Amino acid sequence: MTDSVLTIDSVRKDRGKTTVLDDVSLRVAPGERVALLGHNGAGKSTLIKLILGLTPLTDGQIRVADAKPGSAVARRTTAYLPEAVSFHPALTGREQLRLFARLDGQKADVAGLLDRVGLGDAMDRRIGAYSKGMRQRLGLAQVLLGNPKVALLDEPTSGLDPISRQDLYTIIDELAAGGTAVLIASHALTEVEAQTDRIAILRKGIKVADDTLANLSARAGLPTRLRIRATGEHAEQIAQATGGTRINGAAVEILCPPDRKMEELRRVAAMGDVVADIEMTPPRLEDLYRHYAKEGAQ
Amino acid sequence: MTRFLSIAATEMLILRRNRWLLMATIIMLLFALALTFAGSAPTGSVGVDMLTVSVTSMTTLSVYLAPLLALMISFDAIAGEAERGSLSLLLSYPAGRGEILLGKFAAHLAALAFAMTIGFGSAGAIAAWFGGAGPESLMALARLIGTSILLGAVFLALGYLVSALSRSATAAAGLSAGLWLVFVVLYDLGLLGAVVMDASGDFTRSIFPWLMVANPADAFRVWNISASDGVAMASGMVGAAQALPVWAAPLSLILWPLLAFALARAAFKRVEP
C-alpha cells in the first residue's frame, strides 16, 4: 500500500447532477506505467484534473507523494502534459521552457532537454511557427523538468507522426526507468499495449478493469483466432475436421478460447501435409477494450 | 518571489515581442503631441502657460485612452491561456494563482506606465519648451502621469476579472469593450441625464458629485482638475469638483485598483481550467 506514489481511493466527482466519476480507485507505483483508457467523456481528463487539484473532489481521497492534490508538495512532484497543449505564440521554445523551469524552482538544462525531445534546432524559433507535433514535444520537455515523481500524460500522442510517437514512448520508458510513476490517458490502444505495465479502463466514470494485459485477456476469455492455409484443394477437408469456417478458397478460420489453444494447435499440426501455414492472432487490446468497455452496458 | 519575477519577466517579453509596448507608446505620444499643438491656441486668453493647457487636453485624452489600452492587454490574460490549454499546465506548477495574477499585473502595469510616461512626458516637455511652464504646471503634468497609471491599473484589474469570468478570449474582448463603454461613456451620460431631469437641484448638489467620483474615470478627471486651479480654469469644470472634499477623488482612484484586483483574484480562484 505504501509503495504507491499515486493513490486514488474511492473517488467520486459530481458535476451538477451528473456523476462524472464514481468510486474509482487506482494505485500507481514508482517506475510503473499505467494506461488509463476510456471513451470520450468516460472521465479520464476529469480524473487527471482531480489528481492535479484543479477541481475539487466530491468524495474519496487522492494522495500524490503522500500530499494533498494541489498542495505545494504535490505540485512540485507532479508533471503534467495537457491534451493538445499550446503555448504563447510570441515566445520561443527556449523562453517558454525556461519559464517552466523557474516556476519549478530548480536548475535545469533547458537546452539539453529541448535537444532530447528533438527541438534542438527549433528552440530559438517562436512557438507560433511550430507544428502541432513540435508543440507536443515542447510539452513533453516540460514534463521532464525536475525529475517528477508522478507524470500525468493526457493523450500524449495526439497529432504525432509514427516516428515521433516512438520517440515519445522511448522518453516515457526512460522516465519510468528513473522511478517516475507514469499515468497515460489514451485512445491509441495499439501503442499502449506494448508500452505500459498495467491497463485501467474507465466506462462512464466507473473503473471496469485494472490489470496487466495478460490477466485482462485471460479473464475476458476472448478467443484466439487461428487462420489455417490449406495446400491444394484441402480447405474443405480442414474445415470439416476442425469445425472452423472457410473464409476463401484456401483458408479456414477457427476461434478458440485461450485454454484450448494448444490443444487445437496440436490437432491441426497432426493433420500433416494438407496444412501449409498457421497464423495465430491473440485478442488485441481493441477487442479487450471493447469487451470491458461494453460489459454490463445492456 | 522568483516565480513572481519570472512570470512578470515573461509577460514583459511577450509585450515587447508582439510590439504592444511599441504601439502603445507611439499611440500615446502621437495623441499627446497632437493635442498639445492643437490645444495651444487659447493660452493667451485664459492666462495660463502652454503646459497647463496641454495637461488639460491630455487629461481628457487619458480618460479614454488609459482604460482602453489597459483593457487591450488584460482581457486575454486568463481566458487566452485557458483557450490555449496552457492555463491548466501553468496551474500544475508550484506558483500560486495570486502569484501568477500579480506577476502579470506587474508586467502589464510597468508597460502601461512606460507608455504613459514617454507619451505625456515628451508632449509636456515640448509644451514647456515652446510655451513656458511653472512649478505648478509641472506638478500638474506629474499628477496626470501618476493618475493615468492608477486609472490604467483599475482597468487592468477589471480586464482580468472579465477574463476570469469569460469562457473564451473572444467573449472576454467583447465584455471588455462593454466595460469601457459603460465606465467611460454611458455612466457620464446617465449622470448627465439625471442632472437634467433633476428639477429641485437636490440631487445635483448632494448626490451627483459622489456618484461621479465613484466612477474611477470621473475620479481621475476630478482629481486632475480640482488639484490645479490652472487646469480647472482651462477646462471650465470648476463647479462639480468643488462640491466635494479634497480627498474624495484620490481615495476613489486609489481604492479602485485594490478593489478590482481583489475581485479579479476571487474570480480567478473559481476558474476550473
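This is a selection-by-selection tour of a predicted model with chains A and B.

**Chain A, overall**

Begin with chain A and colour it by domain. The assignment places domain 1 at residues 6-218 and domain 2 at residues 223-282. Between the C-alpha centres of domain 1 and domain 2 of chain A, the distance is 43 Å.

Next, select residues 30-205 of chain A. An unreviewed UniProt entry annotates this span as "domain: AAA+ ATPase". Helix accounts for 39% of residues 30-205 of chain A and strand for 18%, while the end C-alpha atoms are 25 Å apart.

**The hairpin of chain A**

Select residues 6-28 of chain A to show strands β1 (residues 6-15) and β2 (residues 18-28), which pair in the antiparallel sense over seven bridges. These two strands, β1(A) and β2(A), form a hairpin with two residues between them. In the turn, Gly16(A) has a positive phi of about 65 degrees. Beside the turn, Arg15(A) has Thr18(A) in β2(A) as its bridge partner.

**The six-stranded sheet of chain A**

Now display the strands in the order β5-β6-β7-β3-β8-β9 of chain A: they make an open sheet of six strands with mixed pairing. Which strands stand at the edges? They are β5 (78-81) and β9 (206-211) of chain A; each has a single partner strand, so one side of each has no neighbour in the sheet. On average, neighbouring strands of this sheet are turned by 15 degrees against each other, direction ignored.

Within the sheet, pick β3 (residues 33-37) and β8 (residues 198-203) of chain A. This pair runs in the parallel sense, over four bridges. To check the register, select Ala35(A), whose bridge partner in β8(A) is Ile199(A).

Add helix α6 (residues 162-177) of chain A, which packs on the sheet and touches β3, β6 (150-154) and β7 (181-186) of chain A. The direction of α6(A) makes about 150 degrees with that of β7(A). Then add helix α11 (residues 285-294) of chain A. Helix α11(A) lies across β3, β8 and β9 of chain A and runs at about 40 degrees to β8(A).

**Chain B, annotated spans**

Switch to chain B. The unreviewed UniProt entry gives "transmembrane region" for residues 20-41, 61-80, 101-130, 142-165, 177-197 and 247-268 of chain B. Two of these spans can be inspected in turn. Residues 61-80 of chain B are 80% helix and 0% strand, with end C-alpha atoms 29 Å apart. Residues 101-130 of chain B are 100% helix and 0% strand, and here the end C-alpha atoms are 43 Å apart.

**A helix pair in chain B**

Select helix α9 (residues 169-197) and helix α10 (residues 202-214) of chain B. Their axes are 11 Å apart and the packing angle is about 175 degrees. Angles over 145 degrees count as roughly antiparallel, and α9(B) is therefore roughly antiparallel to α10(B).

Show side chains for the contact. From α9(B), Leu191(B), Ala194(B) and Val195(B) meet Phe203(B), Thr204(B), Phe208(B), Leu211(B) and Met212(B) of α10(B). By class, the contact of α9(B) with α10(B) has seven nonpolar residues, one polar and no charged.

**Where the chains meet**

Finally, show both chains. How many residues does each chain bring to the contact? Chain B brings 20 residues and chain A brings 23. On the chain B side, the elements giving two or more residues are α1 (2-17) and α6 (86-91) of chain B. Helix α1(B) gives the most, with seven residues. The side of chain B that touches chain A holds eight nonpolar, eight polar and four charged residues.

Technical notes: Residues are numbered from 1 along each chain as its sequence is written. Chains are lettered from A and ligands numbered from 1 in the order in which they are written. This is a predicted model: local features need pLDDT of at least 70, side-chain atom pairs count only at pLDDT 80 or more; totals for chains, interfaces and linings use all residues. Two residues are in contact if their C-beta atoms, placed from the backbone, lie within 7 Å. Ala, Val, Leu, Ile, Met, Phe, Trp, Tyr, Cys and Pro count as nonpolar, Asp, Glu, Lys and Arg as charged, and the others, Gly among them, as polar. Domain bounds come from an automatic or database domain assignment. Axes are lines fitted to C-alpha atoms, for helices over the stretch in contact, and angles run from 0 to 180 degrees between N-to-C directions. Angles under 35 degrees count as roughly parallel, over 145 as roughly antiparallel, 65 to 115 as roughly perpendicular and the rest as oblique. Two strands pair if DSSP finds at least two bridges between them. UniProt positions are given in the numbering used here, feature names are shortened, and annotations may be inferred rather than shown by experiment.
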